[in-house]
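This report describes selected features of one protein model. It takes up helices, a strand residue and a pocket in turn.

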Amino acid sequence: MTPDHLGSLGDVQAAFSVQLHRADLGAPVAACAPWTVADLARHLGGIYRWAAGMAQGEASDDAVPAEPHGPGAVIGWYDANAALLHGVLARLGPDAPCPTLVGPGTAAFWRRRQLHESVIHLWDLLTAADRGLVLDPLVTADTVDEVVTVMQPRQVRLNRMAPLRVGVELRASDAERSWLLGDARAARAIVVGPSLTLALLLWRRITPGHPDLAVSGDPTAL
């Protein structure tokens with residue numbers, strides 16, 4: 001099953017806004033060090049503005065949007081750009097043609113990409129405030145799937161990382177889904193855990209030693 005990317009994006013954007021309004025804007029965000037909460041909000045708001053432009057064919061992969069100055073402006077910056085992105089994607093519809101990170105595609109790409117960008121950064125924000133994140137496994141399993149099928153192959157294609165020479169199987173204990181990360185035909189290591197935890201592992205927010213993960217096989221492969 002495929003999650004409702006646009007609806008889930010709106011939910012995660014709203015949750016980020018609620019936490020941002022409660023947060024200490026100067027608090028550190030350990031997962032994105034040396035960023036503060038304000039830096040994280042500037043980043044995500046900027047990404048939203050850029051992605052809205054990409055979806056409309058008005059930006060490029062290299063464009064860097066202007067950011068607000070002063071801590072007091074960052075909450076409004078985030079909220080305005082979250083509304084901008086969501087509105088653009090709703091107006092365009094999923095089948096509107098546009099550039100994507102993997103070549104010509106449709107606006108459905110940006111619904112998915114910005115949902116998962118937001119999921120990881122909501123976790124960053126909540127963790128900075130010692131709070132946890134609970135999401136539908138349908139969404140977080142799709143976060144894992146996007147890394148395996150889109151983002152990691154893109155890094156290889158852009159020569160930002162070498163092709164993986166060993167296989168690692170990822171099994172989501174809460175979604176009855178599994179993936180083979182890497183080009184090998186068989187996995188040399190198997191990682192089992194909740195889909196959100198697997199996603200956090202892939203995005204380097206946690207390590208393989210996390211207590212919610214069970215690792216078997218060759219640890220050096222992982």
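## Helix H5 and its surroundings

Arg 154 is located in helix H5. The model is a predicted one. Arg 154 has a relative accessible area of 6% and is therefore buried, as this lies under the 20% cut-off. Its side chain makes a polar contact with the backbone oxygen of Leu 101, at 3.1 Å.

Helix H5 itself covers residues 137–157, 21 residues in total, and its first and last C-alpha atoms are 29 Å apart, close to the 30 Å expected at 1.5 Å a residue. The helix carries a kink of about 40°, centred on Val 147. At the N-terminal end, Asp 136 acts as a cap of H5, with a side-chain oxygen 2.9 Å from the backbone nitrogen of Leu 138. After the helix comes Asn 159, which has a positive phi, near 60°.

## Helix H2

Helix H2 has 19 residues, which should span 27 Å at 1.5 Å a residue; the end C-alpha atoms are 27 Å apart, so the two values agree. Most of H2 is covered, with 16 of its 19 residues buried. Gly 57, just after H2, adopts a positive phi of about 70°.

The table sets out the two helices together with the residues that follow them.

| Helix | Number of residues | End-to-end C-alpha distance | Residue after the helix and its phi |
|---|---|---|---|
| H5 | 21 residues | 29 Å | Asn 159, near 60° |
| H2 | 19 residues | 27 Å | Gly 57, about 70° |

## Val 168 in strand E3

Val 168 belongs to strand E3, which comprises residues 167–172. Its relative accessibility is 7%, so Val 168 counts as buried. Leaving aside residues up to four places away in sequence, Val 168 touches Trp 179, Leu 180, Leu 181, Ala 187, Ala 189, Val 191, Ala 221 and Leu 222. Of the pair Val 168 and Ala 221, the C-alpha atoms are 7.2 Å apart in space, although 53 residues separate the two in sequence.

## The largest pocket

The largest pocket has a volume of about 1100 Å³. It is lined by 36 residues, of which Val 147, Gln 155, Leu 202, Trp 203 and Arg 204 are the closest to its centre. Two or more lining residues come from each of helix H2 (37–55), helix H4 (108–128), H5, E3 and helix H6 (195–202). H4 provides the largest share of the lining, seven residues. Val 147 thus appears in two settings: the kink in H5 is centred on Val 147, and Val 147 is among the residues closest to the centre of the largest pocket.

Note on methods: Residues are numbered from 1 along each chain as its sequence is written. This is a predicted model: local features need pLDDT of at least 70, side-chain atom pairs count only at pLDDT 80 or more; totals for chains, interfaces and linings use all residues. Side-chain values use heavy atoms; hydrogens and water are left out. Helices (H or I, at least four residues) and strands (E, at least two) are DSSP runs, numbered from the N terminus. The expected span of a helix is 1.5 Å times one less than its number of residues. The bend at a residue is the angle between axes fitted to the seven residues ending there and the seven starting there. A polar contact is a pair of N or O atoms within 3.5 Å; within protein, one must be able to donate a hydrogen and the other to accept it, and residues adjacent in sequence count only if both atoms are side-chain atoms. Buried means under 20% relative accessible area, exposed over 50%, partly exposed in between (1.4 Å probe, protein chains only). Contact means heavy atoms within 4.5 Å. On a 1 Å grid over the protein atoms alone, a cavity is a set of points where a 1.4 Å probe fits but cannot get out, and a pocket is an open set with protein on both sides within 12 Å along at least five of seven lines; lining residues have an atom within 4 Å of a point. Grid points are joined across faces, edges and corners, and a volume is the space filled by probe spheres set on the points.
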